[in-house]
Amino acid sequence: MDIPDCEDATSAPNSFKATTIQSGHTVLLRLPSGETKGFKVEKDGTVSIGRVGSFRANELIGHPYGLTYEIRGKELTVQPPHTLQEVEETDATNELINDGEFVQPLTLGEIEGLKKSGVHASDIIKAQIEQHANYSMKTEYSKEKYKQRKEAKYSKTFSTVEPTIYNVCDHWFKKDQNRIRDIRPDTLSQMLNLANVRPGGRYIVVDEASGLLVSAILERLGGEGRLISICDVDSPPAYPVMTLMNFRKDIVPNIHSSLNWATAQEDYTPVAAATLSEVGKSERHRIRLDKRKNAADTLSNAREELFAGEYDALLIASDYNPLEILQNLIIYVAGSGSIVVQSPFSQPLTELQSTLRLDPSYLAPSITESWLRRYQVLPGRTHPTMNTSGSGGFLLHAIKV
């Protein structure tokens with residue numbers, strides 16, 4: 001497959017995220033089953049996606065997100081967009097259909113033989129349909145579902161998913177919602193809205209949701225503004241969610257800094273970097289000294305920025321006591337700044353709300369719980385999905401007076 005010329009991976013010189021897939025990106029792929037998985041794309045490497053197949057990573061590099069591909073050998077072929085088809089109304093029902101083991105004469109061994117001989121997935125599905133004893137008795141809706149199940153089982157296609165915060169949040173919520181503290185995409189959007197996150201804003205965040213909040217704010221900032229995150233580890237945390245966002249590494253350090261709870265205290269005394277005379281004059285020691293000095297300077301600058309205060313909002317998603325976090329960081333939030341606290345449970349937030357109501361420094365502390373119902377939207381088949389998530393967590397919002 002031809003790879004387009006993409007010397008500039010961004011749509012504009014100041015673009016915060018690459019508009020095409022580049023070497024080193026972690027790309028979300030949507031498989032025929034509807035499941036999404038993340039894969040690292042390295043130049044001259046091979047991407048293996050289980051039974052669907054494997055292909056050369058160079059086949060993806062330089063292409064935009066959102067395309068659908070079919071694996072043929074080790075090469076990819078771009079597929080045309082799938083169009084919705086109107087389903088004819090019918091009076092047929094499924095009540096007389098008995099889907100026993102003998103309705104499909106095509107055995108598993110025969111199907112495996114077809115796959116090994118290189119027969120296309122569509123031809124295998126067609127063969128199964130032709131030999132299915134009760135297929136003609138099914139309703140048009142049942143026939144469509146039957147085809148979809150077989151395509152999910154035999155198809156060798158996949159689609160690349162654009163790394164927006166909605167797609168990444170939805171991926172993680174379905175994969176392991178506990179790691180992102182049960183934050184659904186609709187809950188995340190409410191947090192960003194309540195905190196008035198916008199380009200050029202200045203924000204403090206306590207993120208124990210695998211970097212979901214940090215990633216969402218960085219995407220909203222778009223390369224303009226300031227974000228300081230507080231964590232409980234000595235080194236900058238490795239946020240797994242941010243890996244999927246594929247932000248430009250040369251811009252993120254300019255707008256995002258990380259402090260731990262010790263370095264975020266005003267009485268903390270940073271360890272001074274060693275001088276050159278103390279560590280020797282070899283090149284190895286010189287490089288090590290430069291790294292320590294750069295780290296010390298970055299820490300000092302982040303502390304000065306935090307202590308200068310006047311931040312627009314404070315967002316919290318942490319297992320620690322929210323009241324103690326608030327008492328430590330509220331002094332750095334400007335007047336009329338927003339406070340947004342998320343929790344998978346209502347009890348910690350109701351206790352915090354009771355305390356804030358007695359404090360005249362906070363205006364209108366309120367608790368909300370988002371509710372989401374997904375719908376299947378298809379011609380003649382629009383209805384709520386059969387399963388839905390119970391909760392996306394609870395939010396407390398208040399304004400600093």
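Biologist: How many bridges join β9 to β10, and do these strands run parallel or antiparallel?

Modeller: Strands of a sheet pair through backbone hydrogen bonds, in either a parallel or an antiparallel sense. In this predicted model, β9 and β10 run parallel and are joined by five bridges. One position to inspect is Cys231, which stands opposite Asn260 in β10.

Biologist: In what order do the seven strands of the open sheet stand, and what is the pairing?

Modeller: The order is β10-β9-β8-β11-β12-β16-β13, and the pairing is mixed. The edges are held by β10 and β13 (362-369); each has a single partner strand, so one side of each is left without a neighbour in the sheet. On average, neighbouring strands of this sheet are turned by 15° against each other, direction ignored.

Biologist: In what sense do β13 and β16 pair, and over how many bridges?

Modeller: β13 and strand β16 (residues 394-400) pair in the antiparallel sense, over six bridges. Within β16, Lys400 stands opposite Tyr362.

Biologist: Is β10 mostly covered or uncovered?

Modeller: β10 is mostly covered, with four of its five residues buried. Strand β9 (residues 226-231) holds Arg226, and this arginine has a relative accessibility of 10%, so it counts as buried. Arg226 also illustrates how sequence separation and spatial separation are read side by side: Arg226 and Ile255 are 29 residues apart in sequence, yet their C-alpha atoms are 4.7 Å apart in space.

Biologist: Which strands form the open sheet of five?

Modeller: They are, in order, β2-β1-β7-β5-β6, with antiparallel pairing. The edge strands are β2 (36-40) and β6 (75-79), each of which pairs on one side only. From one strand to the next, the twist averages 40°. To follow one pairing in detail, take β1 and β2, which pair in the antiparallel sense over five bridges; there, Arg30 has Thr36 in β2 as its bridge partner.

Biologist: Why does the span of helix α10 agree with what its residues should give?

Modeller: One compares an expected span with the distance between the end C-alpha atoms. Helix α10 (residues 283-308) has 26 residues, which at 1.5 Å a residue should span 38 Å; the end C-alpha atoms are 37 Å apart, and therefore the two agree. The buried residues in α10 include Leu289, Ala302, Arg303 and Leu306.

Biologist: What phi does Gly309 take just after α10?

Modeller: Gly309 takes a positive phi of about 70°. Most residues other than glycine have a negative phi. Glu310 is not a glycine, yet has a positive phi of about 60°. Glu310 is found in the loop between α10 and β11 (311-317).

Biologist: Is Glu310 buried or exposed?

Modeller: Glu310 counts as exposed because its relative accessibility is 55%, and the cut-off for exposed is over 50%. Asp182 offers a second case of positive phi outside glycine, with a value near 60°. Asp182 is in the loop between α4 and α5 (185-194). With a relative accessible area of 15%, Asp182 is buried.

Biologist: What volume does the largest pocket have?

Modeller: Rolling a probe the size of a water molecule over the atoms shows where empty space is left. Here the largest pocket has a volume of about 1800 Å³. Its lining comprises 49 residues, and those nearest its centre are Pro32, His82, Lys147, Gln148 and Glu151.

Biologist: Which element gives the largest share of the lining of the largest pocket?

Modeller: The largest share comes from α3, with eight residues. Other elements that each supply at least two residues include β1 (26-30), β5 (68-72), α2 (121-131) and β7 (157-161). By class, the lining of the largest pocket has 17 nonpolar, 19 polar and 13 charged residues.

Biologist: How much space lies in the second largest pocket?

Modeller: The second largest pocket holds about 810 Å³ of space. It is lined by 30 residues, of which Asp234, Ser235, Pro236, Ser258 and Thr298 are the closest to its centre. Helix α10 returns here, since it gives the most to this lining, seven residues. Elements that each supply at least two residues also include α7 (240-245), α8 (252-255) and β10 (256-260). By class, the lining of the second largest pocket has 19 nonpolar, nine polar and two charged residues.

Technical notes:
Residues are numbered from 1 along each chain as its sequence is written. This is a predicted model: local features need pLDDT of at least 70, side-chain atom pairs count only at pLDDT 80 or more; totals for chains, interfaces and linings use all residues. Side-chain values use heavy atoms; hydrogens and water are left out. The expected span of a helix is 1.5 Å times one less than its number of residues. Buried means under 20% relative accessible area, exposed over 50%, partly exposed in between (1.4 Å probe, protein chains only). On a 1 Å grid over the protein atoms alone, a cavity is a set of points where a 1.4 Å probe fits but cannot get out, and a pocket is an open set with protein on both sides within 12 Å along at least five of seven lines; lining residues have an atom within 4 Å of a point. Grid points are joined across faces, edges and corners, and a volume is the space filled by probe spheres set on the points. Ala, Val, Leu, Ile, Met, Phe, Trp, Tyr, Cys and Pro count as nonpolar, Asp, Glu, Lys and Arg as charged, and the others, Gly among them, as polar. Two strands pair if DSSP finds at least two bridges between them. Axes are lines fitted to C-alpha atoms, for helices over the stretch in contact, and angles run from 0 to 180 degrees between N-to-C directions.
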